[in-house]
Amino acid sequence: MSNLMPPAADRFPGKQPPRKKRMTEKDREERRKLYEEEKRERVFDPEGTWLLRWPWVAFDEEKSLVYCKVCREYKDAADRSSSFFIGKELEGLRTNALISHDESTKHKLCMKKQSFKENTSAIKPIKQVLQQMEMQLEHFMIDDSTDSANIENELVYVRYLDMGTGVVTSFIGIEDTKHATAEGILETVDAIFTRVGVLDWRNKVVALGTDGAAVNLGSKEGVAAKLCRDISHLVTVHCIAHRLELGILNAIQQHPRLTQLNDALVHLYEQYKQSPKALRELKMLGEVLEEKVLKPTNLSGARWLPFHYRALLIACQSYRVFVAHFEEIISPDRPRKSSPTQIGRAKNLLKFMKDFECLLFIFFMCDILHCLSQLSLTFQTDDLTVGEALEKYEETGLQITDLVGDGTGIWQSKVMAALITTPGIYDGVELNNVNATPSATETRMRVKEYNCSSILRHLDDRLKDLSQDSILAQFKALDSSTWPNLDHHDFSSKKSFIESGKQNVITLHKDYISIFRWTNVSVESLLSEFVGYKTYALSRKKIGLRTPFSDIVRTPNTKSKFPGLATLMELYLIMPISTACCERGFSCMKRIKNDWRASLKTPSLTQLMYLSLEGPHPDVFDARAAVHRWWGSGLRKRRPRFNPNQQEVVVEDLTAELHEIEGSDETGVPLAIPSDNQDNSKCNTLPNSDTPCCSNSLE
């Protein structure tokens, strides 16, 4: 009957059901206190909801402590003062503590490292490099470029010291740049290091090498400026190969004769750039004159001085052929006239090349650019040090100064010898405006001196930080050639010898104070090591810095003798003063990701670039294992004569089968794998047909 009774509101008209009593803040506080005072025995449930939500939670049954197993696995990146790293008692553990630890920065860093460890398929070729970089100071170099898919990419190289092989410059990765700003580039660099599992790269990096783009070297909001705010000891190096090019361009812009020569080389390239007919005529004329003619190369936009030298060298080597072709183009008796643009360009070039003073200047600059191109090639080497760069630069400056004169260079000697034999005529070409008077010769000498001094002055302005007023210049204190002579019988000589370079060492200790704190090296102990190093280096004064530095850093006995100086020497050896490797990396990228492979994803592109840049040479690579793996993989064997309608030969040991097959080559790779009932001398036929599937090329 009770189930049939109406609700209370219907049974008692006008009466409302009693409302639930609301809890006040005081009631909640009392209930919370009762809950805290209540003693409950907590038990860790390995299949509970905590592990579903926080899989990093682990329980130590002996100590009855809850801890984070991921943070304990990656101690270097974890917060060692965290309660979940030390261990937290199960009694009193609350959900808020788990949430707080899960959202902490250090814990997220450890989780990223764990995810990298679980999935490293995209960066397997770089694992060996990462193992060598472990616990090493490193310098990194960055550069950006656009690929064939019109996507901006950032490329990263690292430079570190390997105790076995010495200085190593290695490709790390490439990544798409979402925003070409300093923040966007830093995010991309961080993504590259994260992809390869180096999450604490900011703790290891001590120098940044890059080109002179404002987004990289901006004094306030550039990449270098933003990194220096987080890394106080970071040294930023502008690539010296780029600076060499910029110095030459500055000299060209300020001197009319250099500008005229540069424009002539650009016009010479444009004359044959898009005219197959003109290039064919040039080569035919070269065959008649029995000279091999190369196509003029591009000068505008080229970054390296060797391209400038090559363009000028082609003009000097084929001087007679170019002059003859230009005379033919402007000839009124020419059967089929060229376009007005080509005729006008040929007239200007012919006037420039047949002028006596211009001819001498062309061959003079060919000798100058030969010296500078050799300097540029030296600046592009991967393991270049500051001392070696300065030494080569000083040598080049002396060579350029020596070229100011008649007949001192290779090409100048050739021209002067020809003009002495046949005055006013060079290589069969009659020159215009010939003036061999003493006053003209003196004027010519002054022009050469001005050009050389202008080039060297601009280069000095670009490279002055290598020898003065920079952290790089302070390392010269370790160069024994800069120390004063030591007289063992003179007290003042000994005093000046000991004091030489001490101020530079103090400056280096101040600039790298964070690193020396990490290694527990004080300025007093560093100065004491410096005095001992002077005695060590006196007997090695003639062999430069690379050899004694490498011996000290890579030999345990001497490194323990000079621990502080060994750190400075390692920094000196791996200083990234040139980023030419980044340019070579982008050249490799453009070869791999061309117009036909523009959809390559970043992991595949990284692997292919690593194989091309860091992989073994084809002459020493044994491809047998790769071929065996490819041969036996897939749903069906990759056999040239495989017939799906025939019963497949089942062989348990594929390696044994490869060696037993008749027709294998010397490396053991078979030419074909026929079945038992198949004739080896014939190709397989298509199903339901007598037509062979391929021609029998083995007969």
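In the predicted model, ring pairs join Phe-475, Trp-483, Phe-497, Phe-530, Tyr-533, Tyr-536, Phe-549, Phe-562 and Tyr-572 into a cluster. The structure as a whole holds 20 aromatic pairs. One of these is formed by Phe-475 and Tyr-572, whose ring centres are 5.6 Å apart; the planes meet at 45 degrees, so the pair is classed as tilted. This pair connects distant parts of the chain, with the two positions 97 residues apart in sequence numbering. Phe-475 belongs to the loop between α23 (471-474) and α24 (491-499), whereas Tyr-572 is part of helix α30 (residues 563-573). Both Phe-475 and Tyr-572 are buried.

Tyr-572 also pairs with Phe-549, at a distance of 5.3 Å between ring centres. Here the planes stand at 80 degrees, and the arrangement is therefore edge-to-face, the class assigned to angles over 60 degrees. The partners again come from distant parts of the chain, Phe-549 from helix α28 (residues 546-554) and Tyr-572 from helix α30, 23 residues apart. Phe-549 has a relative accessible area of 0% and is thus buried. For Tyr-572 the relative accessibility is 4%, so this residue likewise counts as buried, the limit being under 20%.

Aromatic rings also take part in arrangements with charged side chains. The charged end of Arg-72 is placed over the ring of Tyr-67, at 4.0 Å from the ring centre. In a further case, the charged end of Arg-257 lies over the ring of Phe-361, with 5.4 Å to the centre of that ring.

Arg-257 is also the nearest side chain of opposite charge to Asp-355, at 6.3 Å. Asp-355 is buried but forms no salt bridge; the distance to Arg-257 exceeds the 4 Å limit for such a bridge. Asp-355 is located in the loop between α18 (340-353) and α19 (356-379). Its side chain reaches the backbone nitrogen of Glu-357 at 3.2 Å. A polar contact of 2.8 Å connects the side chain of Asp-355 with that of Asn-433. When residues up to four places away in sequence are left aside, Asp-355 touches Asn-432 and Asn-433.

Asn-433, the partner of Asp-355 in this side-chain contact, is situated in the loop between β10 (429-430) and α22 (438-463). Its phi angle is positive, at about 55 degrees, although the residue is not a glycine. Whereas Asp-355 is buried, Asn-433 has a relative accessible area of 58% and is therefore exposed.

A positive phi, near 55 degrees, is also found at Ser-64, likewise a residue other than glycine. Ser-64 occupies the loop between β1 (57-60) and β2 (65-68). The relative accessibility of Ser-64 is 33%, so the residue counts as partly exposed.

Phe-307, in helix α16 (residues 305-317), is partly exposed as well, with a relative accessible area of 40%. Its C-alpha atom is separated by 9.8 Å from that of Leu-369, a residue 62 positions away along the chain.

Notes:
Residues are numbered from 1 along each chain as its sequence is written. This is a predicted model: local features need pLDDT of at least 70, side-chain atom pairs count only at pLDDT 80 or more; totals for chains, interfaces and linings use all residues. Side-chain values use heavy atoms; hydrogens and water are left out. Helices (H or I, at least four residues) and strands (E, at least two) are DSSP runs, numbered from the N terminus. Buried means under 20% relative accessible area, exposed over 50%, partly exposed in between (1.4 Å probe, protein chains only). Lys and Arg count as positive and Asp and Glu as negative; His and the chain ends are not counted. A polar contact is a pair of N or O atoms within 3.5 Å; within protein, one must be able to donate a hydrogen and the other to accept it, and residues adjacent in sequence count only if both atoms are side-chain atoms. Contact means heavy atoms within 4.5 Å. Rings of Phe, Tyr and Trp (its six-membered ring) pair if their centres lie within 6.5 Å; planes under 30 degrees apart count as stacked, over 60 as edge-to-face and the rest as tilted. A charge sits over a ring if NZ of Lys or CZ of Arg is within 6 Å of the ring centre and within 35 degrees of the ring normal.
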